[in-house]
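Here is a short briefing on one protein chain. Look over the sequence and the 3D view, then work through the points below.

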Amino acid sequence: MAELTVPLPSWNKARRFIVICQKKDPKTGQLYIDHPECYQYQAIVTNIETNDMSPEEVWRFYNKRGTCELWINELKDGFAVDEASQHNFVKNEAYMLVKAISYNLMLWFKEATMPERGQKLPGKNHQAQSALCTGQHRG
């Protein structure tokens, strides 16, 4: 892990660059110590000050946030939560909550009924897969 602070000309203040290098097993892609020729790099640019968080704390903070952003993208792609079709804030809020509940029900359904490989499908793909599965008979 390395970090540096860089003031780029188009920015009004310097930003912190944190670079993380992890060794990966070339066969499985999993973290592994004995294969130095296979690396995964991650770079984070942040305005979090050096005295507020260590580089490792920043890395953990952004990686947790990245997972949350994946869920938000899945909600946008599969359930159109970014669309506000009502002309009233309270109606839009209720509409979004119904979509979020639907998303949670879909996650529960995936976990309860799908094989492990199907549980990893994003919402959009899972909806199509579920539609195909309903008409199939297993006997």
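## Overview

The protein chain exposes about 10,700 Å². Carbon and sulfur atoms supply 56% of that area. The model is predicted. Of the chain's 139 residues, 19% count as buried.

**Layout of the chain**

- The protein chain has 4 helices and 3 strands.
- Read from the N terminus, the elements run β-β-β-α-α-α-α.
- Take the contacts in the protein chain with a separation of 6 or more: residues 24 or more positions apart account for 35% of them.

**The sheet**

- The 3 strands form an open sheet in the order β1-β2-β3, and the pairing is antiparallel.
- Which strands are the edge strands? They are β1 (2-6) and β3 (39-46), and each pairs on one side only.
- Neighbouring strands of this sheet are turned by 20° against each other on average, with direction ignored.
- How many bridges join β1 to β2? There are 5 bridges, and the two strands run antiparallel.
- Ala 2 stands opposite Val 19 in β2.
- Thr 5 stands opposite Arg 16, also in β2.
- On the other side of the pairing, 8 bridges join β2 to β3, again antiparallel.
- Cys 21 has Tyr 41 in β3 as its bridge partner.

**Two faces of β2**

- In a regular strand the side chains alternate between the two faces of the sheet.
- The side chains of β2 alternate along the strand.
- Arg 16, Ile 18, Ile 20 and Gln 22 point to one face and are buried.
- Arg 15, Phe 17, Val 19, Cys 21 and Lys 23 point to the other face and are not buried.

**The largest nonpolar core**

- In soluble globular proteins, nonpolar side chains tend to be buried together.
- Which residues make up the largest nonpolar core here? They are Ile 18, Ile 20, Ile 44, Ile 48, Val 58, Trp 59 and Tyr 62, 7 residues in all.
- Two elements give two or more residues to this core: β2 (15-23) and α1 (55-79).
- The most comes from α1, with 3 residues.
- Within the core, Ile 18 and Ile 20 belong to the buried face of β2.
- Tyr 62 is in contact with Ile 44, Val 45, Thr 46 and Ile 48, leaving aside its neighbours within four places in sequence.

**Aromatic pairs**

- A pair of aromatic rings is described by the distance of the centres and the angle of the planes.
- A search of the whole structure finds 2 aromatic pairs.
- Why is the pair of Trp 11 and Phe 17 stacked? The ring planes are at 20°, under the 30 degrees that counts as stacked, and the centres are 6.1 Å apart.
- Trp 11 has 28% relative accessibility, so Trp 11 counts as partly exposed.
- Phe 17 also counts as partly exposed, because its relative accessibility is 22%.
- Phe 61 and Tyr 62 form an edge-to-face pair, with 5.2 Å centre to centre and 80° between the planes.
- Phe 61 has 36% relative accessibility, so Phe 61 counts as partly exposed.
- Tyr 62, its partner in this pair, is one of the residues of the largest nonpolar core.

**From α1 to α2**

- Where is Val 81? Val 81 lies in the loop between α1 and α2.
- Val 81 is in contact with Leu 75, Lys 76, Met 96 and Lys 99, leaving aside its neighbours within four places in sequence.
- The C-alpha atoms of Val 81 and Val 98 are separated by 9.7 Å, and the two residues are 17 residues apart along the chain.
- Asn 92 lies in helix α2 (residues 89-113).
- Is Asn 92 buried or exposed? Its relative accessibility is 19%, and the cut-off is under 20%, so Asn 92 counts as buried.
- Asn 92 touches Ala 84, Ser 85 and Gln 86, not counting residues up to four places away in sequence.
- Tyr 95 is also found in helix α2.
- Tyr 95 has a relative accessible area of 36%, so Tyr 95 is partly exposed.
- Tyr 95 and Glu 83 are 12 residues apart in sequence, and their C-alpha atoms are 9.8 Å apart in space.

How values were computed: Residues are numbered from 1 along each chain as its sequence is written. This is a predicted model: local features need pLDDT of at least 70, side-chain atom pairs count only at pLDDT 80 or more; totals for chains, interfaces and linings use all residues. Side-chain values use heavy atoms; hydrogens and water are left out. A nonpolar core is a set of buried Ala, Val, Leu, Ile, Met, Phe, Trp, Tyr and Cys residues joined through side-chain atoms within 4.5 Å. Buried means under 20% relative accessible area, exposed over 50%, partly exposed in between (1.4 Å probe, protein chains only). Contact means heavy atoms within 4.5 Å. Accessible areas come from the Shrake-Rupley method with a 1.4 Å probe; for residues, only the protein chains shown count as cover. Two strands pair if DSSP finds at least two bridges between them. Axes are lines fitted to C-alpha atoms, for helices over the stretch in contact, and angles run from 0 to 180 degrees between N-to-C directions. Rings of Phe, Tyr and Trp (its six-membered ring) pair if their centres lie within 6.5 Å; planes under 30 degrees apart count as stacked, over 60 as edge-to-face and the rest as tilted.
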